[in-house]
Amino acid sequence: MIQIGEKIGEHLPVMETQNLLLRQFEESDFDDFRKPLADSAIVEWLAYFGGHKQSDEDAKLYLDWILEQKKTPKKERNYFDFAITDKTRKYLGHTMLAY
């Protein structure tokens, strides 16, 4: 379980519910991040990929792009990518929130 104020990797959770955490991505998320992107049953629902499975190389480029976006000041961004995990830190997926 996550304790109040406990960092996950480099960052505090961005959002926390009773069962889930939304947190910033880290390089160590790659193995979990790439798996759903290689699954045609999942990517068919992801508009960004046009229903096309992603190779490990493409998934790495995408994660690198997400990690690079963290360097952009928050006030200059209108979207944020988050890893979704349960309280045991098991990776469940990812999402992008925009305003």
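Helix α1 holds both D31 and R34, set 3 residues apart, or about one turn of the helix. In this predicted model, the side chains of the two residues meet in a salt bridge, with 3.7 Å from N to O. Neither partner is tucked away: D31 comes out as partly exposed at 46% relative accessibility, and R34 is also partly exposed, at 24%.

That bridge is one of 7 salt bridges in the structure. Another turns up in helix α3, where K60 and D64 sit 4 residues apart and are thus separated by about one helical turn. Here the N to O distance is 2.8 Å. K60 has a relative accessible area of 27%, so it counts as partly exposed, and D64, at 30%, falls into the partly exposed class too. A further bridge pairs E68 with K71, at 3.2 Å from N to O. In this case E68 is partly exposed, with a relative accessible area of 42%, whereas K71 is exposed at 63%. Some of the bridges share partners, and in this way E27, K60 and D64 are joined into one network.

Next come the rings. A pair of aromatic rings is described by the distance of the centres and the angle of the planes. The structure has 5 aromatic pairs. For F25 and Y91, the ring centres are 6.5 Å apart and the planes stand at 50°, so this pair is tilted. F25 belongs to the loop between β2 (20-23) and α1 (30-37), while Y91 is in strand β4 (residues 91-98), so the pair ties together parts of the chain that are 66 residues apart in sequence. Both F25 and Y91 are buried.

Y62 and W65 also form an aromatic pair, this one stacked, with 6.2 Å centre to centre and 20° between the planes. Unlike a link between remote parts of the chain, this pairing is a local affair: both residues lie in helix α3 (residues 56-69), 3 residues apart, about one turn of the helix. Y62 is buried at 9% relative accessibility, but W65, at 33%, is partly exposed. Ring pairs link these residues into a cluster made up of F25, F33, Y62, W65, Y79 and Y91. One member of the cluster, Y79, also has a charged neighbour, as R77 lies over the face of its ring at 5.7 Å from the ring centre.

The loop between β2 and α1 also holds D29. With a relative accessibility of 5%, D29 counts as buried. Leaving aside residues up to four places away in sequence, D29 touches R23, Q24, L63 and A83. With R23, the link is a polar contact of 2.7 Å between the two side chains. As for A83, the residue is 54 places from D29 along the chain, yet the C-alpha atoms of the two are separated by 8.3 Å.

Another charged residue, K87, is found in the loop between β3 (79-86) and β4. K87 counts as buried, at 12% relative accessibility. A polar atom of the K87 side chain lies 2.9 Å from the backbone oxygen of T17. Like D29, which is buried at 5%, K87 thus pairs a loop position with a polar partner elsewhere in the chain.

Technical notes: Residues are numbered from 1 along each chain as its sequence is written. This is a predicted model: local features need pLDDT of at least 70, side-chain atom pairs count only at pLDDT 80 or more; totals for chains, interfaces and linings use all residues. Side-chain values use heavy atoms; hydrogens and water are left out. Rings of Phe, Tyr and Trp (its six-membered ring) pair if their centres lie within 6.5 Å; planes under 30 degrees apart count as stacked, over 60 as edge-to-face and the rest as tilted. Helices (H or I, at least four residues) and strands (E, at least two) are DSSP runs, numbered from the N terminus. Buried means under 20% relative accessible area, exposed over 50%, partly exposed in between (1.4 Å probe, protein chains only). A charge sits over a ring if NZ of Lys or CZ of Arg is within 6 Å of the ring centre and within 35 degrees of the ring normal. Contact means heavy atoms within 4.5 Å. A polar contact is a pair of N or O atoms within 3.5 Å; within protein, one must be able to donate a hydrogen and the other to accept it, and residues adjacent in sequence count only if both atoms are side-chain atoms. A salt bridge is a side-chain nitrogen of Lys or Arg within 4 Å of a carboxyl oxygen of Asp or Glu.
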